[in-house]
Amino acid sequence: MERIKRSKIYAALLCVYAICALTACTENKTGVTAERSRDAHTEIEGLEWQEYVDLSYAECFTIENYAGGFRLITVSDDARYLIVPEGGCAPQGLKNDITVINQPVSDIYLAATGTMDMFRSLDALDTITLSGADADGWYIEEAKQAVESGAMLYAGKYSAPDYELILSKNCPLAIENTMILHTPEVKEQLEQLGVAVLVDYASNESHPLGRIEWVKLYGTLLGKEAQAQQIFDAQASTFAEIEEQVQKSDKTVVLFYLTENGAASVRSPSDYMVKIIETAGGNYVFADLETDGKKTSSITMQMEAFYAGAKSADYLIYNSTIGSEYKTLSALLEKEPLLKDFEAVKENRVWCVPKNLYQESMSAAKLLTDIYAVLNEETPQTTCLYHIE
């Protein structure tokens, strides 16, 4: 009974932390980055503070550099991780709320599937030996092959990890997405077993480049800061190039999916995918939709309201990263016959974001390029969109 009470209290606290984290990441461009100044840095006895790592868009984490290659990562739930370089030792008297992670980091348990693409881009898949998804749950081919070959072992999903396997591999670190906040007892158990738990809040970033910038966090964790910077700069360069080319048009776009109960779910005006549409020159139909101050990636509305708002849209983009994937218009119309009245359907301007894009978190620049080409009525060889005919 006592353990149940502790779990309930812990769950309540984690919910509060989650709300605070969301608020910190959305009120303005501050979050944990609010105190990036020499006067507000984190003092660690025995270490000489040097600087904050420059972050251009990310709001949900900071990185502080110390002499000797030590790094302090702070994420939006106020969790702090001291990265100790190979051959180094953590200073004595370190505060209890700072988790030590020693380099080189290996044998990671990755339950946040959307993070795998960052490790792939850093050529660091070999640091992950425990997967939160089995082979059939991966859309990233390299991860799928690693599980099939045994190079990466399925260690249970985020809510039901295989603790025995995780311990047997001397796993030092579990990387989770925010779903872990719904099962706080799992996070607590992992930490009690000596496994550091890092919650990835990239999904809370409002700007697509803010999500991409999390590659700097993982570059710091793995000692690949320079490579991470190059990866981020390449994506940022694509955004800058398109922003220079784009001429704002009157073309309207809807990004949505159909729910199982006959409603439509549209992306929230603050969602990163809406930012990509607007950067590409499109006008998001539901840009003024009220969210009652809540941080949410999508909003569900009844079909009547969706019909009224989206019927005249120039382009429909179906989001199959959440909903079912449709390859043909006939299949989509079978699901919702009302769509036949939509202007975009009549004009053959219906596109789809494929299901695999959820895991391919480093594809923001490619998606932007695709949407820009579509809005300019080019005939692109798209990589992140396909035409529904």
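This report covers the overall make-up, helix packing and selected residues of a predicted model.

## Overall make-up

The protein has 389 residues, and 50% of them count as buried. Its secondary structure comprises 13 helices and 17 strands.

The exposed surface amounts to about 17,900 Å². Carbon and sulfur atoms supply 48% of that area. Contacts with a separation of 6 or more were also sorted by sequence distance: residues 24 or more positions apart account for 62% of them.

## Helix α7

Helix α7 spans residues 214-222. This helix is mostly covered, with nine of its nine residues buried. The buried residues are Trp214, Val215, Lys216, Leu217, Tyr218, Gly219, Thr220, Leu221 and Leu222. Lys216 is thus listed as buried, and Lys216 also takes part in the contact with α8.

Gly223 follows α7. The phi of Gly223 is positive, near 75°.

## Packing of α7 on α8

Helix α8 covers residues 225-245. The axes of α7 and α8 come within 8 Å and cross at roughly 165°. Angles over 145 degrees count as roughly antiparallel, so α7 is roughly antiparallel to α8. The crossing of the two helices is right-handed.

On the α7 side, the contact uses Val215, Lys216, Gly219 and Thr220. On the α8 side, Glu225, Ala228, Gln229, Ile231 and Phe232 meet them. By class, this contact of α7 with α8 has four nonpolar, three polar and two charged residues.

## Packing of α8 on α13

Helix α8 also packs with helix α13, residues 364-375. Here the angle is about 20°, and the axes are 9 Å apart. Angles under 35 degrees count as roughly parallel, so α8 and α13 are roughly parallel to each other. Their crossing is left-handed.

From α8, the contact draws on Gln235, Thr238, Phe239, Ile242 and Gln245. From α13, Ala364, Ala365, Leu368, Thr369 and Tyr372 take part. The contact of α8 with α13 divides into six nonpolar, four polar and no charged residues.

## Gln235 in α8

Gln235 lies in helix α8. Its relative accessible area is 10%, so Gln235 is buried.

Leaving aside residues up to four places away in sequence, Gln235 touches Leu209, Ile212, Met362, Ala364 and Ala365. Ala364 and Ala365 are among the α13 residues in the contact with α8.

## Lys275 in α9

Lys275 sits in helix α9, residues 272-279. This lysine counts as partly exposed because its relative accessibility is 30%.

Beyond residues up to four places away in sequence, Lys275 touches Ser206, His207 and Pro208. Lys275 and Leu209 are 66 residues apart in sequence. In space, their C-alpha atoms are 9.9 Å apart. Leu209 is also one of the residues touched by Gln235.

## The β5-β6 loop

Strand β5 (98-102) and strand β6 (108-110) are linked by a loop that holds Pro104. A cis peptide bond joins Gln103 and Pro104. Omega for this bond is about -5°.

Asp107 lies in the loop between β5 and β6 as well. The phi of Asp107 is near 55°, a positive value in a residue other than glycine. With a relative accessible area of 25%, Asp107 is partly exposed.

## The α12-β16 loop

Asn348 belongs to the loop between α12 (343-346) and β16 (350-353). Its phi is near 60°. That is a positive value in a residue other than glycine. Asn348 counts as partly exposed because its relative accessibility is 35%.

Definitions and conventions: Residues numbered from 1 in each chain as written. Predicted model: local features only at pLDDT ≥ 70, side-chain atom pairs only at ≥ 80, totals over all residues. Heavy atoms only, no water. Axes fitted to C-alpha atoms, helices over the stretch in contact; angles between N-to-C directions. Helix = DSSP H or I, 4+ residues; strand = E, 2+ residues; numbered from the N terminus. Parallel < 35°, antiparallel > 145°, perpendicular 65-115°, else oblique. Left-handed = near helix turned anticlockwise from the far one by under 90°. Contact = heavy atoms within 4.5 Å. Nonpolar A, V, L, I, M, F, W, Y, C, P; charged D, E, K, R; others polar. Buried < 20%, exposed > 50% of the residue type's maximum accessible area, 1.4 Å probe, protein only. Areas by Shrake-Rupley, 256 points an atom, 1.4 Å probe, with all protein chains shown as cover.
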